[in-house]
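Please work through the following exercises with the structure open beside you, and try each task before reading its solution.

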Amino acid sequence: MTTTMTSTKHLIVVVGATGSGKTDISLRLATHFGAPIISTDSRQVYKGIPIGTAQPTAEQLAAVEHHFIASHSLTDNFNCGEYEVQALARLEELFRAHDVVVAVGGSGLYIQALCEGMDDLPQADEQLRQSLMERLQNEGIESLLADLERLDPDYYAQVDHCNPSRVVRAVEVCMQTGQPYSSLRKGERHKRNFNIIKIGIEWERATLYDRINRRVDMMIDEGLEAEARSVYHLRQLNSLQTVGYREMFDYFDGTTTREEAIELIKRNSRRYAKRQMTWFRRDADIEWFNASDVESMIDFLDNKI
RNA sequence: GGUCCGAUGGAUGAGUGGUUUAGUCACCGGUCUGCAAAACCGUCUACAGCGGUUCGAAUCCGCUUCGGACCU
């Protein structure tokens with residue numbers, strides 16, 4: 001063998017909206033290929049919120065080796081950049097003992113970080129971030145936009161001027177690095193030393209929504225309310241800006257009734273699912289399969305591996 | 001049988017003659033590089049039906065249909 005683009009290591013990436021049954025399918029695939037599972041989910045990484053984030057059950061975790069499930073603390077400053085570094089390192093270890101690893105999760109940005117990599121941008125400096133947020137609060141976004149126009153005219157021209165998050169981050173990177181944000185955004189796909197095969201789980205919209213609604217009811221039955229209560233004191237953490245918890249916190253505050261909170265969890269989960277589909281739809285690398293057709297999925301993968 | 005009130009887009013709800021859309025919510029579509037289950041953007045042009053008045057009607061008049069209240 002001389003130079004070949006094909007690696008003997010394969011990462012099967014399973015994507016799909018929340019409630020699409022990724023966990024079950026990932027377990028079947030992992031079992032079939034004797035592979036460990038690495039999560040690409042930005043919320044299942046946290047300890048203490050297993051019900052609301054639909055983490056795999058104890059039996060499922062026992063059946064297949066999982067990574068990045070309940071592995072971090074709610075107070076950890078975790079993000080997609082950190083995830084890329086840690087997940088890549090873990091993958092390297094896993095590929096020493098396995099030819100196939102299954103990645104599952106619903107966070108598009110984390111999947112992108114894992115498969116394509118993030119540019120070399122600095123993490124937010126906490127103090128700077130805070131002062132920018134204060135300015136946003138006190139002076140409005142116009143003030144930050146004025147800075148951005150001066151610091152990075154190119155990005156100023158393309159950024160959504162209504163989106164505070166994007167504007168704050170851009171100004172922050174400019175100030176931290178002394179360089180225009182846009183000049184640091186290469187958007188280049190990083191080389192990976194393993195093959196990536198993306199599998200999408202497809203549902204008819206109405207059916208998916210029905211599954212989501214029923215799953216929320218199940219979460220309630222399993223004790224989501226008590227779980228939310230147990231982390232209520234940490235509510236301002238980013239890790240808890242999460243569907244299922246925010247709505248419960250509002251209920252605890254008395255701003256909504258319990259019934260309203262549950263309805264809102266359903267609605268927001270549906271909306272989340274819609275946004276996920278929007279994200280995944282533009283990824284041409286994904287091979288889509290009907291949710292009930294795991295056999296075809298396995299055939300397809302067997303063929304490729 | 002009679003009198004009165006009402007009928008606006010998926011829901012709610014303003015609008016009483018005139019370039020153009022009320023608004024809100026839901027749905028739908030989209031954006032996406034360190035908070036991403038986040039943050040944000042866009043679309044959805046309806047006036048119960050028929051006829052009349054008028055240069056012009058969701059808006060005025062009549063009839064019909066439907067709903068509600070009341071009267072005998």
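**Exercise 1.** In this predicted model, determine how H12 and H13 are oriented towards each other, and which residues make their contact.

*Solution.* Begin with the axes: those of helix H12, residues 246-253, and H13 come within 9 Å and cross at roughly 165°. Next, apply the cut-off, by which angles over 145 degrees count as roughly antiparallel; H12 and H13 are therefore roughly antiparallel to each other. The hand of the crossing of H12 and H13 is right-handed. On the H12 side the contact is made by Glu247, Met248, Asp250 and Tyr251, and on the H13 side by Arg258, Ala261, Leu264, Ile265 and Asn268. Sorted by character, the residues of this contact of H12 with H13 comprise five nonpolar, one polar and three charged.

**Exercise 2.** Describe the packing of H10 against H13, giving the angle, the hand and the residues in contact.

*Solution.* Helix H10, residues 205-222, packs with H13 at an angle of about 140°, and their axes are 9 Å apart. Because the angle is what decides the class, H10 and H13 are oblique to each other. As for the hand, H10 passes H13 in a right-handed crossing. H10 contributes Leu208, Tyr209, Ile212, Asn213, Val216 and Ile220 to the contact, while H13 contributes Ile262, Ile265, Lys266, Ser269, Arg270 and Ala273. The residues of the contact of H10 with H13 divide into eight nonpolar, two polar and two charged. Ile265 of H13 is thus listed in this contact, and also in the contact with H12.

**Exercise 3.** Work out how H5 and H6 are arranged, and what kinds of residue make up their contact.

*Solution.* Helix H5 covers residues 126-139 and helix H6 residues 141-151, and the two pack at an angle of about 125° with their axes 6 Å apart. That angle makes H5 oblique to H6. The contact is formed by Leu132, Arg135, Leu136 and Glu139 of H5 together with Ile141, Ser143 and Leu144 of H6. By character, the residues of the contact of H5 with H6 are four nonpolar, one polar and two charged.

**Exercise 4.** Characterise the surface near RNA strand B, and find which helix gives the most to this surface.

*Solution.* Start with the count: 49 residues surround RNA strand B, and the closest are Ser42, Arg43, Gly81, Leu109 and Gly187. Then assign the helices, since H3 (80-97), H4 (108-115), H8 (164-177) and H13 (258-281) each supply at least two residues of this surface. H13 gives the most, with ten residues. Finally, the residues near RNA strand B divide into 13 nonpolar, 19 polar and 17 charged.

**Exercise 5.** State the confidence scores of the model and of chain A.

*Solution.* The model scores ipTM 0.91 and pTM 0.90. Chain A averages a pLDDT of 94, and 98% of the residues score at least 70. Where pLDDT is low, the predicted coordinates should not be read in detail.

Definitions and conventions. Residues are numbered from 1 along each chain as its sequence is written. Chains are lettered from A and ligands numbered from 1 in the order in which they are written. This is a predicted model: local features need pLDDT of at least 70, side-chain atom pairs count only at pLDDT 80 or more; totals for chains, interfaces and linings use all residues. A residue is near a molecule or strand if its C-beta atom, placed from the backbone, lies within 6 Å of it. Helices (H or I, at least four residues) and strands (E, at least two) are DSSP runs, numbered from the N terminus. Ala, Val, Leu, Ile, Met, Phe, Trp, Tyr, Cys and Pro count as nonpolar, Asp, Glu, Lys and Arg as charged, and the others, Gly among them, as polar. Axes are lines fitted to C-alpha atoms, for helices over the stretch in contact, and angles run from 0 to 180 degrees between N-to-C directions. Angles under 35 degrees count as roughly parallel, over 145 as roughly antiparallel, 65 to 115 as roughly perpendicular and the rest as oblique. A crossing is left-handed if the near helix is turned anticlockwise from the far one by less than a right angle, and right-handed if clockwise. Two residues are in contact if their C-beta atoms, placed from the backbone, lie within 7 Å. pLDDT is the predictor's confidence in each residue, from 0 to 100.
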